[in-house]
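Hi there,

Here is the structure I promised to pass on. Please open it alongside this note, and my notes follow below.

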Amino acid sequence: MITFQIDNHTVQAKAGWTVLETARHYGFEIPTLCHHEAVTPSGACRLCMVELRDGDWSKLVASCIYPVAEGINVHTDTERIRNVRRWILEMLLSECPASKQIQDLAARYGLKQTRFAIENPDEECMLCGLCTRVCEEVVGLAAISTVDRGVHKKVGAPFLRPTEVCVACGCCVTICPTNAMQSRIDAVRRVPATAVTAPTSK
Amino acid sequence: MTTQEASIDEILERYPGSPEYLIFLLQDVQKSYGYISPDSMQLICDRTGVPESQVYSVATFYQSFRLEPQGEHDIKVCLGTACHLKGGQRIMDELKRRLQVEPGETTPDMKFTYTSVNCVGACALAPVVVIDDEYYPSTTVKKLEKQIKALSQD
Amino acid sequence: MFNESTAVNLENRRLTSHAQLNELRDHILASRDPDRLEVVVCHGTGCFANGSPKVVEALKSALDEKGVDAKVMPGIKATGCHGFCSRGPLVIVKPHGYFYQKVAPKDAEEIVEQTLIEGKPVERLLYKDPKTGDPILTEEEIPFYNLQERVVLHNIGKIDPTDITDTIAAGGYQALAKAISTMTPEQVVAEIEKSKLRGRGGAGFPTGRKWRSALAAIEKKGRPVYVVVNGDEGDPGAFMDRTIMEGDPHAVLEGLILGAYALGAEHGYLYVRSEYPLAIRHLEIAMAQARELGLLGENILDSGFSFDARINRGAGAFVCGESTALFTSIEGKPGNPRPKYVRSVEEGLWGRPTVLNNVETWANVPLIIDKGADWYTGVGVSHSTGTKVFSLVGKVNNVGLVEVPMGIPLDKIIEEIGGGVPGGQPFKAVQTGGPSGGCIPYSLKDTPVDFDSLTEVGSMMGSGGMIVMDDRDCVVDVGRYFLRFLEEESCGKCIPCRLGLIRMRGILDDFSAGKGTQQDIEDLMSLSQAIQDGALCALGTSAPNPVLTTLRYFKDEYIAHIEAHKCPAGVCKDLITYTIDPDKCTGCRSCARQCPQGCIRGEKKKPHVIDTEQCIRCGICMETCKFDAVYVE
């Protein structure tokens, strides 16, 4: 067992656990959007940042991918952490303004509005990547992937056209932390010509 | 710009059929055909065993890959820091006015495609424009106009 | 390139010992006449684009025409970049060493007649001392060169990079042969540690410590271990690594082979930016020639040590300069940095222990092994040993590549080597470290250029780009430039980088439109902090640096954008107007013809006027005017 501190409480974890796993095991609250036990952690949303302290030294790390280590001193709610979470949520309020989940999370951090302009009022996707990971790692099909990079990044099937590779299993819709995938499924799934006559068979 | 030098089969045979050669194959196909078509992408998937969505992800992640046919002449405007300070953006604006298409797009007559690039490492020549792999140093709007006129006529 | 002087046949010349390498070297040197006439023509990118191939053609035909006696028929050698790019094309005539600048094809005849036949310099092609106006005969006497300390660049401009015999004649592969025949791998690692060499790619991590950690990882996990060259030089305004790979590819290769020997690696990778096709070609040629001689591949120099490497061309992604993104790219995937808190020396390429060093770092390795760590630590300052190559660009007279000992004051590089800002005024700021670095103001001109001092003033060494700015460069604009660069180059995986950079840039856009507020400055600071703390990889965490340093040193200029709605440098389009000075305007109409809006009016041969209502502030009139009549305020 590995012993360390979270918010000045002594906790114990198995080797190989992450700080997030341990914190949740003990009931410490750490927000996440891109994390799910079923898939490999990706450290994308950065909401789960925690602060490691050692004397005057301190550093922020993503708890979902940070492995536990003996004697570390973890803090889950400091001013630096709140600053990171506040800006992420404020930016998400303008990026995926249609998401009730994000509005609720933001409200928990005292944010009701955003200083940034809203360009796409219907958007709900914040590119956490859970859908692409579940499709590749759990379903084993990799029907969808992230496309492009940077601010142009999006989720889609090849050439952004519906694909027959998708079997409409619905895993991506289920794992999506907002309702973004629900509205995209028609852009991903192409019904094969033979299936049109017998949509329920197979 | 396209130098049809190798058939797709020949390119596919150049490397072992493993995912690590995906980028090599995309680069070689693009070099021969000027862009990567859906058909050639499918062949690359089959060869490397990488799912199509992931090949598409790679092809759209890297800036050098083109998924549509390109213009006969390829104009790259350097927007490295030195070129930026010496007016590279002015050249971009002028190209947009003159060619009436956005960066990365091709003119309807398929003559020109223009893009900006992040530093070609020829900072002493700023602002630099690279047309069909040839460097044009200290480019001004006037020099550019001349060059485009010359290329439009051949 | 071409070479007419290789008299040494390399076929079946596989070397099996250090002694044989020396024999070959002696043989090459003996076959060369040191007094032979030779015309060296720089084929670096700058000179090449300015027409050096045409100069070669003209020289050849002038030689044919003059029917120069066979005895004085010179060799013509194409070399890598001499570094003095603003003066190209450069031509040097040996053995005299006459250094000709800005040579045009029409000068060929005179060079042949005067210099090659009569042995006299062509005075008008010589470089003139900017202070005295006196002509300077040779490269070594020019201030741009004689204030430098060219250690890593020592071969570049002297050798033909496509001919391994040139490299061997200059002492290439001596370090490798020495290490393999007289040193254990452990001794090689120890020597690098002792040299205190720090990585030239950005953060300045001690190379020896990295290699030592890799050995510890190998101890735990076993082999294979990989050695990798990071040749994905992406910082805009930086071309050091390009020049080294193009001009002395064997130096990089020899360093890599030495690293492989030290760590027991059998495979290596050279990841080179696709925008550098010539570098890729020269490395390919170098590797083929090294294999031919038994310096690369199976059983190197008959020692039992085998190592080979391959080149991966980048595909256009700045983020691949980040180590873990580079590895995922070599593996054939999108270059997303890995979300893992584990060092790449332990878990790098294919999940194996991996040592990744930058081009310039690898090129330092043979020098250290050949001349010893004690020699190396004698150059530079105690915590930053050796030299550093910088690309000096922007508003500076001598644009080019300079190599200086670490610790040299910034001012010395800009004013003495670089010849200062055109026009003679002091520089406004120097941007170092590329998009991750910062702007150092003139008031800190005495800052010693070493890893720690640059970090202290809020910038960083980075890979070695040094961009000089003058009072016509706006700091808000420069901040926007770097943010736009990074928002395009961000992989887009983590939210602070993907959304934070574009939002920061949006705030700066407001400044340049005169719509900024005091609150915006505070938001910029706190959003910067969130990105530095929250982003996944170094691209994001360092991205706010250019903005933070300009806020620190040039806050007044930001305030001027907010309060006075002015851009003091005359750059931000919404805050400036172009005007024609009636006293200077000759009415030549050339600006009116170029104006895309057609908003410059006036009678021929009389002063013209710009209609500011219609003007889109593209600046073409100012660029076009030959009489400096257009000004901006």
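Below is what turned up in chain C and where it meets chain A. Please keep in mind that this is a predicted model.

Let me start with the sheet in chain C. Four strands make up an open, mixed sheet, in the order β2-β1-β3-β4. Its edges are β2 (75-79) and β4 (98-100), each of which pairs on one side only. From one strand to the next, the twist averages 20°. In chain C, strands β1 (residues 38-42) and β3 (residues 91-94) run antiparallel and are joined by four bridges; if you want a spot to zoom in on, E38(C) has K94(C) in β3(C) as its bridge partner. Helix α3 (residues 52-66) of chain C packs on this sheet, where it touches β1, β2 and β3, and its direction makes about 160° with that of β1(C).

Now for the interface. Here 32 residues of chain C are in contact with 33 residues of chain A, and the area buried between the two chains is about 2800 Å², with 55% of it from carbon and sulfur atoms. On the chain C side, Y341(C), R503(C) and D533(C) lose the most area to chain A, together 28% of what that side buries.

There is plenty of polar detail to look at too: five salt bridges are counted between chain C and chain A, and E489(C) and R149(A) meet in a salt bridge through their side chains (2.9 Å, N to O). Helices α18 (475-489), α19 (495-512) and α20 (518-534) of chain C each supply at least two residues of the side that touches chain A. By class, that side has 14 nonpolar, eight polar and ten charged residues.

Best wishes

How values were computed. Residues numbered from 1 in each chain as written. Chains lettered and ligands numbered in written order. Predicted model: local features only at pLDDT ≥ 70, side-chain atom pairs only at ≥ 80, totals over all residues. Heavy atoms only, no water. Pairing = 2+ DSSP bridges. Axes fitted to C-alpha atoms, helices over the stretch in contact; angles between N-to-C directions. Contact = heavy atoms within 4.5 Å. Buried area = accessible area lost by both parts, 1.4 Å probe. Salt bridge = Lys/Arg side-chain N within 4 Å of Asp/Glu carboxyl O. Nonpolar A, V, L, I, M, F, W, Y, C, P; charged D, E, K, R; others polar.
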